[in-house]
Every structure is written in C-alpha cells, then in structure tokens.
Amino acid sequence: MLIATIEIFITRVQMNLKDSLQKVPVTHVNLSFYIETEKGTKVHDVLDKMRASHRKCALVMDHGKLIGIFTERDIVTKVAGKSDVLDKPIDGLMTTSPITMADKFTVVEASRLIASTPHRYIPVVNDDGVVLGTVTYYAIIKYISDYFPQEIYNLPPV
C-alpha cells in the first residue's frame, strides 16, 4: 500500500516537474553563483573576492556591461603557479564576449544550452543586456530536486 501511494505521488510530481521545466523561465533557478568585478581589477583582488564569497565565477563588467568571464578553470590554466600575473588586470586573463542566455529561456532550454557547451557558468541577461546572474548545472539540479520532498529522496532504493 505504501509503495503504491509513493509511486502515485512520484508520478504526479514528475508530471508537474516536466511541465515546470518546459514553461518556467530560467530566472526561477538560483542564479547567484558569481561575483561581479570591474575591468582593470587586479587578479589578486578578484581571487580574494571570489574566495571570500565562496564563488568560482567572476563576471567582468565595464560600467554595467558584461565584457568577460573569469572562472575556476581560468585560475587553474592561467594563474596557478604564475605569481607574476597576480598584479595584472583581470582583462588579460578573462574570456571575452562570453556566451550568454536570455532571461526568457525556460529551465529545459537553459539545460540544453549549458549541456551543449564546455562551460559551467553561463550568464543570464535581460533584453537590455543587464546581467541577472549565472546559470549552472548545480542550480538546475537543485531546482529539480526541490520538487521532491525529503521523505522521497531519503527512501532506500527499491
């Protein structure tokens, strides 16, 4: 009886989740996995800010306009073991003109875009180019898992 009730509940949740993923804009997921910094900021200052906020992505701005992205991957490939770059501006190490996604993308469209690129962070922008945040795999997975009550995902495997 309990198993049948749980199966019915899961089926309803899955139907609601599928509908949500196809209709809800990406702005409903947590887009806060980044920091912002201005162009010209020294690399060590960006690293300090990333460390202090526990973020692995920095969006580089020029008076409110997104001009680049600097991620943990850049740290590993461009900074680690190279202390001479720490006092240089972030502009020389960032990825310029990053891929972005519109805030009107649905969660499933965002999932498809992030899966089709090698990037872990994709900035979300509105029609005016204003950055609203960054979408990540983690944010999408968290959004999906929030549909299932703790009692369901703590059940032993059947």
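The following legends describe close-up views of a predicted model.

**View 1. Overall arrangement of the predicted protein.** The secondary structure comprises six helices and seven strands, which follow one another along the sequence as α-β-α-β-β-α-β-β-α-β-β-α-α. The protein has 158 residues, and 37% of them count as buried. Of the contacts between residues at least 6 apart in sequence, 58% join residues at least 24 apart. The exposed surface of the protein amounts to about 9600 Å², with carbon and sulfur atoms supplying 58% of this area.

**View 2. The four-stranded open sheet.** Four strands form an open sheet in the order β1-β2-β3-β4, and their pairing is mixed. Strands β1 (35–38) and β4 (95–96) are the edge strands, each of them pairing on one side only. Within the sheet, strand β2 (residues 57–62) and strand β3 (residues 65–71) run antiparallel and are joined by six bridges. In this pairing, C57 stands opposite T71 of β3.

**View 3. Helices against the sheet.** Helix α3 (residues 72–79) packs on the sheet of the preceding view, where it touches β3 and β4. The direction of α3 makes about 65° with that of β3. Helix α2 (residues 43–53) lies across three strands, namely β1, β2 and β3. Relative to β1, helix α2 runs at about 160°.

**View 4. The hairpin of β6 and β7.** Strand β6 (residues 122–125) pairs with β7 in the antiparallel sense, over four bridges. I122 stands opposite V135 in β7. Five residues lie between the two strands of this hairpin, in which G129 adopts a positive phi near 85°. Strand β7 (residues 131–135) is mostly covered, with four of its five residues buried.

**View 5. The buried and exposed residues of helix α5.** Helix α5 spans residues 137–145, and its buried residues are A139, I140 and Y143. Seen down the axis of α5, these buried residues fall within an arc of 100°, so they line one face of the helix. An α-helix has 3.6 residues a turn, and therefore residues three or four places apart point the same way. On the other side of α5, Y138 and I141 are exposed; for these two residues, exposed denotes a relative accessible area over 50%, whereas buried, as applied to A139, I140 and Y143, denotes a value under 20%.

Note on methods:
Residues are numbered from 1 along each chain as its sequence is written. This is a predicted model: local features need pLDDT of at least 70, side-chain atom pairs count only at pLDDT 80 or more; totals for chains, interfaces and linings use all residues. Side-chain values use heavy atoms; hydrogens and water are left out. Buried means under 20% relative accessible area, exposed over 50%, partly exposed in between (1.4 Å probe, protein chains only). Contact means heavy atoms within 4.5 Å. Accessible areas come from the Shrake-Rupley method with a 1.4 Å probe; for residues, only the protein chains shown count as cover. The arc is that of the directions from the helix axis to the C-beta atoms. Two strands pair if DSSP finds at least two bridges between them. Axes are lines fitted to C-alpha atoms, for helices over the stretch in contact, and angles run from 0 to 180 degrees between N-to-C directions.
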